[in-house]
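Biologist: Hey, I'm new to this one. Could you walk me through it?

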Amino acid sequence: MKRAGTLRLLSDLSNFSGAARLRELLAGDPAVRVRGSLDGRYLLLLRPPGSPSPQLLVAVRGPGEELERAWPEGQPSPLDAFFLPWPARPALILVWESGLAEVWGAGIEPGWRLLQSTELCPGGGARVMAVAAPRGRLVWCEERQSGAEDPQGRPATAFSHCVCTKSLEPSGEIGTILGHTQVLLHHCPSFGMIASRKDLFLVPTATTWPGVAHILLIWSPSKGKMIVSAPHLGLSHSRSLNPRRGDTWDFRILLRGLPGLLSPREPLAVHTWAPTPQGLLLLDFRGTVSLVQPHGGTRTIGSLQEAPIGLDGSAALGVFHGTLACVLGPTLQLLDMGSGQLLERKVLSTDRVHLLEPPAAGIKGEEELETQGLRLLSAMGLFCVGWEASRDLDLPSANSLVFEEACSYYQRRSLRGAQLTPEELRHNSTFQAPQALDSILQGHLPPSALLTTLRAELRDYRSLEQLKTQLAAGDEEEAGWAELAEHEVARLLRTELTGDHLAQLNTVFQALPTAAWGATFRTLQLQPDGNGKLRSQAPPDVWKKVLQDTAAAKDPPNGILPPFELLCQCLCQLEPRWLPPFVELAQQQGGPGWEARGSGLPLYRRALAVLGEDGTRPEALELELLLGSGRPKAVLQAVEQLVQKEQWERALEAGLALGPSSPLLRSEIFKLLLAEFARHRHLDAHLPLLCRLCPPEVTPEDLLLLLQTHLPDEVGPPAPFSEPGVEPPLTVGLLRALLEQTGVHGRPSGPVLSPYEDILWDPGTPPPTPPRGPVTTLQTSDNPGLEA
């Protein structure tokens, strides 16, 4: 049966954010660098330094916002950019030649934001020449200042470089933790860097000293080894290089201890390098494609029909299912990796084409469920390069496959010795499941409904099997572990979270909190609304499992937390500012009678218990949880804490935020703040807010009685002016606004007037001053009768 190479359209780029700008960059600049994320949803396009207008564009397929940055002429632009392998949230790192590194990420809030910025070369005087990000590490080659020439006549810049590394780990709010700088190689020449998913290849460049330009290095971080290889000489040597143990090498001393590597040889003339899971592909200027394997060995794969035209000619290499794909100009050539035979040659409509690796195992998107090839990206769209079987292949019917698979399944579970047959399953009423599926396939349900039902299960099953195979092989891929954790959390949230299931959920959250929270975020379908709140479209059954209190005692047995407490603890570690909105959303999903049906403990108190005991909790989080609880006692407790801290405006806003359904609570908060208003003058600046908080049923008499209760005792007779340094007392002028407010609420419609009506409705113009005349002194009369 003959196979045929196919180009299958996956997307015309219209479902990517910033599609017009994406097409423009792909069509206009042949030197633009293109990278894809591990899940295949994000595309990164970078115009490197030296371009007419350096620019960065990160486009996302589906919902999400693009990231676009440009640097004017004369301003430094990034040397390179990479996606970080964090499955829970997208993140990328930008590195400048000066050593500046920026980490950008997209979290719960829409859009991209700068998470962290650091200097890779803090001492100054060094510049980054090449950089790569293999397996959660950042590795770069930096040039350091040195003298003009060494004693042996070589330029000092030939060995003035060093290779350094930093570890990268995901971490909540700041996005990424960058470890300490560790030097792998001292006094080495200038190297370019190409990273695969397992290894890092250090390859010679045009500026590498010719005496060592025939050598390349292969560093395997998981094995802690460095392979020194000379492909033209057929030599390779292995040395230990594990930064965790403090290993480091002087490049010159390293080469002196490896015999045969310094034999005179021409430099490697390579047009294009490309990383693959099998090793490093290299295309020379004669059109020969070779593979440098991770152990240092080199073998020739085959020769192309055409050779690349100079350094300006575009070329791209990739491997899928034992097939080498090479895009050379406008042609696509497919070669067999084993024999080197040319299998097929296609002419493309454009010469500006980029090859992208398939998504990582286990995290493929829905449209790549049946895609097994490389992805080809151009301005016309995103395509898949793969093989299509001949149409004349005789496949068994779907009905026969159902009963054959069911037969082997039941046979494994059966205790009887007799062999089951597909015919027995067809006619025996005991086996109803395969017969039901057979009836579905015969047309009782439309095929689209069947595909919709099975697609998600098949995708999850295949992803899990691929992940198990990957991890069983000893590959410590961080992305694989994180993806496995996401699958496990999503599965557990669909079960009854009791006993072993709850203990397993706690274990996953302790081992991989970021991935576990990412799975929970998708399962609960959480979305920010732009006002600091969260929305959820998850069904009530899911929330019922999350909010249930499975702990029989006050303290969880063996440290196992119920689902709600576990999510609160994880969110407090990763992004604490989203804990109060999450608890408020959980209270809305649970409903007013949730505590009565459960343990009786309000959700906000369960969240406070996760934060610790009284006096040890973060004050800001505790206040937000109390204010968002909707419980009168909790809100009043929060307002009292705000009063103690003299945060008057926030205390007033907390009272004003209460709706008409809480008149008693608003009244209590008003009385509490009115007492403070009577004692001191700190609330004078916030008097308009206090007037708005005044309940409508308060009359002027009630107001004055409340004030009289809390006025400080007078030590001596009142004085017209306060003494220096003494706080002025409460005056009628300050009370005027409050009295007017209460008077407006309680103004009578009849002739009955309040005793203070003359104060409240005084037009504000004082009476005229009587004329002043000479003061007459009264004379004391001798006749007391006259006085009478």
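Modeller: Sure, one term before we start: helices (H or I, at least four residues) and strands (E, at least two) are DSSP runs, numbered from the N terminus. Two strands pair if DSSP finds at least two bridges between them. With that in hand, a hairpin joins S21 to S22 through 2 residues.

Biologist: Is this an experimental or a predicted model, and how are residues numbered?

Modeller: It is a predicted model, where local features need pLDDT of at least 70, side-chain atom pairs count only at pLDDT 80 or more, and totals for chains, interfaces and linings use all residues. Residues are numbered from 1 along each chain as its sequence is written, and side-chain values use heavy atoms, with hydrogens and water left out.

Biologist: Back to that hairpin. How many bridges do S21 and S22 pair over?

Modeller: Strand S21 and strand S22 (residues 279–284) pair over 6 bridges in the antiparallel sense. Pro275 stands opposite Leu280 in S22. Of the 7 residues in S21 (residues 270–276), 5 are buried. Buried means under 20% relative accessible area, exposed is over 50%, and partly exposed is in between (1.4 Å probe, protein chains only).

Biologist: OK, zoom out. How many helices and strands does the protein chain have?

Modeller: The protein chain has 23 helices and 33 strands. It has 788 residues, and buried ones make up 45% of them.

Biologist: And what share of the contacts join residues at least 24 apart?

Modeller: Looking at contacts between residues at least 6 apart in sequence, 52% join residues at least 24 apart. Contact here means heavy atoms within 4.5 Å.

Biologist: Which strand order does the open sheet of 4 strands have?

Modeller: The order is S6-S7-S8-S9, with antiparallel pairing. Strand S6 (78–83) and strand S9 (113–119) are the edge strands, and each pairs on one side only. Neighbouring strands of this sheet are turned by 20° against each other on average, direction ignored. For that angle, axes are lines fitted to C-alpha atoms (for helices over the stretch in contact), and angles run from 0 to 180 degrees between N-to-C directions.

Biologist: How many bridges join S8 to S9?

Modeller: There are 6 bridges between strand S8 (residues 100–105) and S9, which run antiparallel. Trp104 stands opposite Leu114 in S9.

Biologist: What about the open sheet of 5 strands, what is its order?

Modeller: That sheet runs S15-S16-S17-S18-S19, with antiparallel pairing. Strand S15 (191–195) and strand S19 (235–240) each have a single partner strand, so one side of each is left without a neighbour in the sheet. S19 is joined by 6 bridges to strand S18 (residues 225–230), and the two run antiparallel. Ala230 in that pairing stands opposite Leu235 in S19.

Biologist: Switching topic: is S4 mostly covered or uncovered?

Modeller: Mostly covered: 6 of the 6 residues of strand S4 (residues 55–60) are buried. One side has Gln55, Leu57 and Ala59, the other has Leu56, Val58 and Val60, and all are buried.

Biologist: Which strands does S4 join up with?

Modeller: Strand S3 (residues 42–46) is joined to S4 by 5 bridges, and strand S5 (residues 67–70) by 4 bridges. Both pairings are antiparallel. Leu45 stands opposite Leu57 in S4, while Val58 has Leu67 in S5 as its bridge partner. The hairpin of S4 and S5 has 6 residues between the strands, and Gly62 there takes a positive phi near 90°.

Biologist: Any helix worth a look? Why is H9 described as largely enclosed?

Modeller: In helix H9 (residues 513–523), 8 of the 11 residues are buried, so it is largely enclosed by the rest of the structure. The buried ones include Trp517 and Gly518. Just after H9, Gln525 takes a positive phi of about 55°.

Biologist: Which residues have the most contacts inside the largest nonpolar core?

Modeller: They are Trp543, Phe564, Phe582, Phe677 and Leu738, in a core of 77 residues. A nonpolar core is a set of buried Ala, Val, Leu, Ile, Met, Phe, Trp, Tyr and Cys residues joined through side-chain atoms within 4.5 Å. Leaving out residues up to four places away in sequence, Leu738 touches Phe670, Leu674, Phe677, Leu687, Leu690, Cys691 and Leu703.
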